Amino acid sequence: MITISNITKSFGSLQVLKGIDLQVRKGEVVSIVGPSGAGKTTLLQIMGTLDRPAGGRIEIDGTDVSQLSTDRLSDFRNRHLGFVFQFHQLLPEFSALENVMIPAYIAGSSHAQAKKRALELLDFMGLKDRANHKPNELSGGEKQRVAVARALVNNPAVILADEPSGSLDTRNKAELHQLFFDLRDRFGQTFVIVTHDEGLAALTDRTIHLKDGLITHTTTRQDKEEI
Ligand SMILES: Nc1ncnc2c1ncn2[C@@H]1O[C@H](COP(=O)(O)OP(=O)(O)OP(=O)(O)O)[C@@H](O)[C@H]1O
Ligand SMILES: [Mg+2]
């Protein structure tokens, strides 16, 4: 699904990623943890083709994305990747339904197709009766679930999430985390999640520990269950 090999990245003289290798299989939920400044967001942005590495190779869904031009890359991103950020980043002037439909439109879906898919997803998230609400009429937890629906609308190979529950209270956090695993169990959805939440990391299949731009170690769910 995703194979990244020897990824490096520097900002000026600061080497932020020092050679990262990682493989993610379909249907896996992988977490990336580590101290602030470790390079987690930088790695996720590079995996998501939002930023280019200095060196190394990234293959997503069978495509070597390093070879794509900027135009082809945004099209690829729209069709193959979904993003969820700490703050929902919904467009304030559009309803929940419209926010979920937008990436489908961009990918060339008809209005009817986009609406059908968006309503199915909102229904799955328990948000059908909130479809016509604008973001400022939704709770924090609801906004994050709309953001997850938007990330899913084009059936992405993988959803990349950067501290998706970082701005939620305990209850909404637990609900959002459960949603990720429900989506994996029901649709085989693959996730890579950067998180500071130890509870969430403990639930994932594999946790990548990043420090100073290097993977220090990886723990699998089996390791976690043995502890
Ligand atoms: N655009 C940029 N220009 C210069 N330096 C940057 C840029 N983006 C990130 N950095 C630096 O790269 C390092 C890694 O940043 P990154 O955002 O990947 O960390 P992180 O692990 O996500 O941290 P946090 O847990 O605080 O979000 C930091 O030292 C940061 O200051
Ligand atoms: Mg970060």
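## Briefing: a ligand site and the strands around it

A backbone N or O atom of Ala-38 lies 3.2 Å from an oxygen atom of ligand 1. That is a handy place to start a tour of this structure, which is a predicted model. From the ligand we can move on to strand E3, whose five residues are all buried, then to Val-192 in strand E8, and finally to an open sheet of four strands and helix H2.

**Around ligand 1**

- Two side chains also offer polar atoms to the ligand: an N or O atom of Ser-36 is 2.5 Å from a ligand oxygen, and an N or O atom of Thr-42 is 2.6 Å from a ligand oxygen.
- On its own, ligand 1 exposes 640 Å², and the protein buries 58% of that area.
- Strand E2 (14–24) and helix H1 (40–47) are the elements that give two or more residues to the shell around the ligand.
- Helix H1 provides the largest share of that shell, with three residues.
- The shell holds 13 residues in total, and the closest are Ser-36, Lys-40, Thr-41, Thr-42 and His-196.
- Sorted by class, the shell comprises five nonpolar, six polar and two charged residues.

**Strand E3, covered on both faces**

- In a regular strand the side chains alternate between the two faces of the sheet.
- In E3 (residues 29–33), Val-29, Ser-31 and Val-33 sit on one side, Val-30 and Ile-32 sit on the other, and all of them are buried.
- E3 runs parallel to strand E8 (residues 190–194), and four bridges join the two.
- Within that pairing, Val-30 of E3 stands opposite Val-192 of E8.
- E3 also runs parallel to strand E9 (residues 206–211), again with four bridges.
- Here Ser-31 has Thr-207 of E9 as its bridge partner.

**A closer look at Val-192**

- Is Val-192 buried or exposed? Its relative accessible area is 0%, and buried means under 20%, so Val-192 counts as buried.
- Leaving aside residues up to four places away in sequence, Val-192 touches Val-24, Val-30, Ile-32, Leu-44, Met-47, Val-158, Ile-159, Leu-160 and Ala-161.
- Val-30, listed among those contacts, is also the residue that stands opposite Val-192 from E3.
- Leu-44 is another of the contacts: it is 148 residues away from Val-192 along the chain, yet the C-alpha atoms of the two are separated by 8.1 Å.

**The open sheet**

- Strands of a sheet pair through backbone hydrogen bonds, either parallel or antiparallel.
- Four strands make up this open sheet in the order E2-E1-E4-E5, with antiparallel pairing.
- E2 and E5 are the edge strands, each pairing on one side only.
- Strand E1 (residues 2–11) and E4 are antiparallel and joined by five bridges.
- One of the matched pairs is Ile-4 with its bridge partner in E4, Ile-58.
- Edge strand E2 is also one of the elements that contribute to the ligand shell.

**Helix H2 and its neighbours**

- Helix H2 covers residues 70–80, and Leu-73, Phe-76 and Asn-78 are buried in it.
- What do the buried residues of H2 pack against? They pack against strand E4 (55–60), strand E5 (63–64), strand E6 (81–84) and helix H3 (96–106).
- Two of these partners, E4 and E5, also belong to the open sheet.

Methods:
Residues are numbered from 1 along each chain as its sequence is written. Chains are lettered from A and ligands numbered from 1 in the order in which they are written. This is a predicted model: local features need pLDDT of at least 70, side-chain atom pairs count only at pLDDT 80 or more; totals for chains, interfaces and linings use all residues. Side-chain values use heavy atoms; hydrogens and water are left out. Buried means under 20% relative accessible area, exposed over 50%, partly exposed in between (1.4 Å probe, protein chains only). Two strands pair if DSSP finds at least two bridges between them. A residue is near a molecule or strand if one of its heavy atoms lies within 4 Å of it. A polar contact is a pair of N or O atoms within 3.5 Å; within protein, one must be able to donate a hydrogen and the other to accept it, and residues adjacent in sequence count only if both atoms are side-chain atoms. Accessible areas come from the Shrake-Rupley method with a 1.4 Å probe; for residues, only the protein chains shown count as cover. Ala, Val, Leu, Ile, Met, Phe, Trp, Tyr, Cys and Pro count as nonpolar, Asp, Glu, Lys and Arg as charged, and the others, Gly among them, as polar. Contact means heavy atoms within 4.5 Å.
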